[in-house]
Amino acid sequence: MNSEKILQYIKQHSNADDWSLFISYWDSHETRFAQNGITQHITGPKLDITLNVSYGSKSGSCTVNQANDESLEFLLKTAQDIARIAPEDPEFMPSAEAAELPKVNNCDEETKNLDPKQMVEIVQKAIDKAKAFDSTVSGMTEKHYHNSWMFTKNGFAGHSERTGFGHSMTLKKAEVETKVDYEAKCFAGFDLDKDFAQLQSQAIALADLHVFEPQKIAVIMRPSALMELMWFMGWMMNRRQSDEGFTPFTGQLGKPFFGEKFSWFSTLQQPQLVARPYDYEGNVSREIAWVENGILKNMPTNRYWAKKVNGTPGSSYNIYIPGGNSTEEEMMQMVPRGLILNRLWYIRTVDAKSGELTGMTRDGVLYFENGKVQHAVNNLRFNEIPHDATRRILALGASKLASASSMLPTMLIDNFNFVDKTSF
Amino acid sequence: MKYLDLAMNAASSLGAEYADIRIQKTTDQVIYLQNLSLKHTNTEVLHGYGIRVFKDGAWGFAHNNVFSDEAVLATVQKAFEIAQLSASVNKNKKLRLAPERSYIATVKTPVKIDPFEVPLNEKIDLMMEVNRTIMAYEGIRQAVFYLVQHKDEKLFGSTLGTRLDLSSLFIDPMIIATAVHEGDSQSRTFDEGGRAIGWEWVLELDLIDKAKQIAEEALIKVKADTLGPEQRRSLILDPNHLGLTMHESVGHPTELDRVLGWEADYAGISFATPEKLKNYRYGSEIINFVGDNTLPQGLATHGFDDDGVPGQKWHIIKDGILNEYGSTRDTAMEIGLGYSRGCNRATYYFDQPINRIPNLYLLPGTKPLTPGELIADTEDGVYIQGRGSFSIDQHRVNFQFGGDFFWEIKNGKLHRPLKKVLYKSCNPEFWNSCDAICDERFWRPFGVVNCGKGQPSQSARMTHGSAPARFRNIRVGGSQ
C-alpha cells in the first residue's frame with residue numbers, strides 16, 4: 001500500500017478548491033471459537049481511501065477500497081461531481097492546516113508479527129483448560145495492524161500506526177456463565193494462565209445463585225462494567241448537542257455537575273493507553289480534562305461549533321478515569337450490603353435530555369453483606385442516569401486497563417437503580 | 001466469472017471438502033442533512049472477494065481486494081491453510097454441512113426507478129425542502145434527513161457447481177424533528193426502516209406531508225405529560241414499533257447459532273433451546289411467526305444466502321408453539337436438521353457469513369379487526385408508534401422497550417399524548433399476552449438495516465412486519 005502514490009495522484013489531478021484525503025489500511029487475523037471448537041477463522045487486508053473535496057463551501061466525498069489508477073480516478077471524479085452539485089453549506093469549514101503532532105507509540109512489532117499458528121495455539125490452550133475444568137469456552141483471539149494517513153490541501157499531514165491484540169473467553173459450567181477479556185496494543189501483557197485462573201475463580205464464585213429482587217442498592221462496579229457506562233455517557237457529552245438544548249449537559253459547562261470524586265481525561269501520558277495523534281478533522285490530540293473533580297470542563301466539539309462558540313475543538317481519543325486506593329474488600333466494609341458487577345450489557349438511551357440509560361448486568365453478579373461476598377444473584381436491569389450516579393460515588397479503586405483505549409477504576413456507587421430482574 | 005472457476009478449481013486441487021467464493025461489490029450512497037447543512041454526502045464502493053474453505057470439519061476464510069489470478073490463488077491458499085489450522089483444534093468437534101444441490105441463477109431486486117440513477121441534485125432538493133418544512137415550525141430546534149441507498153452485486157461460486165449472479169438493493173429515508181420546550185427536548189422520527197425497492201417508493205411516500213406530521217408530533221410530544229408510576233396495562237403496538245420488539249425477542253432467540261452457543265462470548269445465547277421445539281408455548285394461539293426470505297421488497301430477499309441456499313418460507317412459531325429455527329448449512333447439522341433454511345449472510349466481501357434473522361413477520365389476525373375497533377375495545381392502555389429505546393438480556397428473556405410516540409387510551413378512546421413511556425416484559429409472558437391482532441388490511445412491513453452481531457461485528461438487514469396488535473397486562477410506566 002503506497003500512500004504517497006495516492007497522495008500524488010490527488011495532488012496532480014484535483015481541481016477542487018480544497019480537499020482532505022484519508023487512507024486506512026488494516027491487516028487482521030481473527031479466530032473465533034465457541035463451545036470448545038473453532039467456528040470462524042478470518043484473515044486478510046482491508047483498505048479504505050476517502051476523499052473529501054470542496055468548491056467554495058460546496059462539499060462532496062467518496063470512498064473506495066482499491067488504489068489502482070482507475071479507482072483513484074473514480075474516487076476523485078465522484079467526490080468532485082458531488083461537490084459541484086451540492087448546495088452551499090452554511091457550516092462549511094476549510095480543511096486543517098499543517099500542525100505539529102504529538103509523538104505517540106501505539107505500535108508493537110511482536111503483536112504485528114503474530115502468526116496464525118501462535119493464535120490457534122492460544123485457542124487450543126484455552127479449550128484444553130476449559131475441558132479440564134469440565135466446562136466450555138467461547139471467545140475470539142484477534143490481532144490487528146492499522147496504518148492510517150490524513151493529508152489536506154492546506155498542508156496537514158498526519159500518520160498513525162497501531163497494533164492490537166485481543167483474547168476473550170466466556171466460560172460456561174453448568175448454569176454459570178462468566179467472561180474475562182484482554183484487549184491491548186501489545187501482546188506482551190497477555191497471560192492466558194492468569195486470565196483463565198480469573199475466569200475459574202469467577203465461575204466458582206457464581207455457582208451458588210440466589211433470586212434477588214430489583215431495588216436501589218450500592219454497587220461495586222468493576223472496570224469492564226464501568227467502561228460500558230462511560231462510553232454511553234461520553235457519547236451524550238457533545239458540546240453542540242448540549243448548547244442546543246438536547247442533552248443533560250445544557251448550561252453546565254464550568255459547573256460542578258458531577259460528583260466531586262469523579263474526573264475524566266483523554267491523555268497522551270498513560271503509556272498503556274492507545275492515543276491517536278489527531279482526529280478526523282485534523283484536531284491535534286492534547287491533554288484534555290473533560291471532567292475534573294466533578295466540574296464539567298470540556299465537551300467534544302467540532303471545528304465549526306468551536307469557532308461559533310469561541311471554544312477549542314477536540315474529541316475524546318481515550319478514556320482515563322483516575323482511581324483511588326480502595327480495594328474491593330474495603331469497599332464491602334463501607335456499606336451494609338451491595339452487589340459486585342462484572343460487566344454491563346445492551347445499554348441504550350432511554351431519554352437523551354435527562355441522560356437516562358437502561359441496560360442489564362452480565363457475566364456474574366455477587367451479593368455482599370457484612371463485608372463479605374455471600375452468594376451470586378440473578379442478572380438485573382438498571383435504569384440510571386450516569387452523571388447523577390457519579391454524585392453517589394463512595395470510593396474508588398486503582399485504575400486498570402479495561403480495553404486498549406480505556407483505563408478506569410473499580411467504583412463503589414450508592415443507590416444504583418435496578419428496576420427489573422431476569423430469569424438467570 | 002473466470003475467478004469463480006479459478007478459485008474453486010484451486011480449492012478442490014488443494015483438497016478442500018467444500019469451498020466457495022463470493023465476489024462482492026457494495027455501493028453505498030449516504031446523504032446526511034441537518035438544519036440545511038449537508039454534513040455528509042458520500043458514495044462508497046467496496047469491491048473484493050471472500051473465499052471460504054471447509055476442510056476436516058472446520059472453516060478458513062480469507063479475503064482480498066486485489067483482482068488478479070495470483071491474488072485469487074494466494075487467497076485460496078490462505079483460506080485453506082487456516083482451515084487446516086482450525087481443523088487441528090476441531091479434531092473432536094468437527095462441523096458438518098447440510099446437503100445442498102447446485103444452482104445456476106441470476107436474481108435481481110425488481111425496481112422501477114434505480115435510486116443510483118436518480119440525479120443527486122433531485123435528492124438533495126427534496127431533502128432540503130423536507131428540512132425547511134420542519135424548520136418552519138416554531139419550537140423545532142433540529143431537522144435531520146438521513147438517506148441511505150445501498151446496493152450489493154455478488155458473484156458466487158462453490159465447489160458444488162453453484163454459480164450465482166445476485167444483485168440486491170435497498171433505500172432507507174429517515175427524517176427526524178427535534179423540539180425543545182421548557183427545559184425538555186423530544187424527537188419524532190419518520191422511519192420505515194428501509195425497503196428493497198426503487199426510488200418510486202420515495203416518490204410515493206409524500207415526505208413533505210410526513211415532515212409536517214413529525215414536526216407537529218414532536219411539538220405535541222415535548223409538551224405531553226408523562227405516564228407516572230409503572231402499572232399493569234394494555235398495550236396496542238403499531239407495526240413500526242412491533243417490528244423491533246419481534247426482532248429482539250423472537251428473531252434473535254430463534255437464530256440457530258445463538259441456540260447452539262456460538263454467540264456466547266458476545267451477542268449472547270438463547271432461551272429457546274432445541275428440546276423446546278414443537279412443544280414450547282412461545283405465544284398465545286394467535287401468534288404465528290413466519291421466516292420468509294422470498295418476501296417481495298424484503299431486505300433479506302436476495303434469492304440465495306451466502307451458503308448458496310435458496311430463499312425459503314417457513315413457520316418459526318406456529319399457533320404459539322416454537323416450530324423451527326433460522327439456520328445455516330453448518331448450524332443445521334448440529335441439531336440433525338439435515339437441511340438449511342438459508343440464513344447465512346455476510347455484510348461485506350471481507351466478512352465470513354453468519355447465521356442471521358430472516359425476513360420475519362407476525363401473520364395478521366384471521367378475523368376482521370381495524371385499529372379503531374381495537375382501540376375502542378381497550379379500556380385502559382397505551383398505544384405506541386415508532387421505535388425508541390430497546391434493551392434485552394443476553395438469553396433474550398427480559399426486555400424493556402420505549403417508543404417514539406405514545407397515546408394513553410381511556411375507555412376506548414385516545415385520551416392524551418404522552419412522552420417517556422417504557423414497558424417491561426419477558427419471554428414467554430409477552431407473546432402469550434397477545435389477545436388481538438388486526439387483520440391483513442393493516443399489515444405493514446418494517447425494515448431493520450443495522451442489525452449488529454458477530455465478532456468481528458457485522459451489520460445485517462431484514463424485514464419484519466405485523467398488523468397492530470394488543471398485549472394485555474404488561475408493566476407500563478414512565479421513565480425517571
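This report walks through the domains of two chains and the places where they touch. Keep in mind that what you're looking at is a predicted model.

**How each chain is divided**

Let's start with the layout. Chain A splits into domain 1, covering 3–201, and domain 2, covering 208–424. Chain B also comes in two parts: domain 1 runs over 2–223 and domain 2 over 226–478. The table puts the domain pairs side by side.

| Chain | Domain 1 | Domain 2 | Distance between C-alpha centres | Contact residues, domain 1 | Contact residues, domain 2 |
|---|---|---|---|---|---|
| Chain A | 3–201 | 208–424 | 25 Å | 21 residues | 20 residues |
| Chain B | 2–223 | 226–478 | 21 Å | 42 residues | 40 residues |

**Inside chain A**

In chain A, the contact between the domains brings together 21 residues of domain 1 and 20 residues of domain 2. On the domain 1 side, three strands each put in at least two residues: β4 (136–152), β5 (157–173) and β6 (176–184). The top contributor there is β6(A), with five residues. Sorted by class, that side of domain 1 of chain A has nine nonpolar, six polar and six charged residues.

**Inside chain B**

Now for chain B, where 42 residues from domain 1 meet 40 residues from domain 2. Quite a list of elements supplies at least two residues each to the domain 1 side: the strands β1 (18–34), β2 (37–55), β3 (58–64), β4 (104–108), β5 (140–158), β6 (163–181) and β7 (184–191), along with α5 (207–222). As for the make-up of that side of domain 1 of chain B, you'll find 18 nonpolar, twelve polar and twelve charged residues.

**Where the chains meet**

The two chains touch each other as well: 64 residues of chain B are in contact with 69 residues of chain A. Which strand of chain B gives the largest share of the side that touches chain A? That's β2(B), which provides ten residues. Taken by class, the chain B side of this contact is made of 26 nonpolar, 29 polar and nine charged residues.

β2(B) turns up again when you look at strand pairing across the chains. Strand β3 of chain A, residues 58–64, pairs with β2(B) in the parallel sense, over four bridges. To find a spot on β2(B) in the 3D view, look for Thr43(B), which has Cys62(A) standing opposite.

So β2(B) is a handy strand to follow, given that β2 (37–55) of chain B also supplies at least two residues to the side of domain 1 of chain B that touches domain 2 of chain B.

Methods. Residues are numbered from 1 along each chain as its sequence is written. Chains are lettered from A and ligands numbered from 1 in the order in which they are written. This is a predicted model: local features need pLDDT of at least 70, side-chain atom pairs count only at pLDDT 80 or more; totals for chains, interfaces and linings use all residues. Domain bounds come from an automatic or database domain assignment. Two residues are in contact if their C-beta atoms, placed from the backbone, lie within 7 Å. Ala, Val, Leu, Ile, Met, Phe, Trp, Tyr, Cys and Pro count as nonpolar, Asp, Glu, Lys and Arg as charged, and the others, Gly among them, as polar. Two strands pair if DSSP finds at least two bridges between them.
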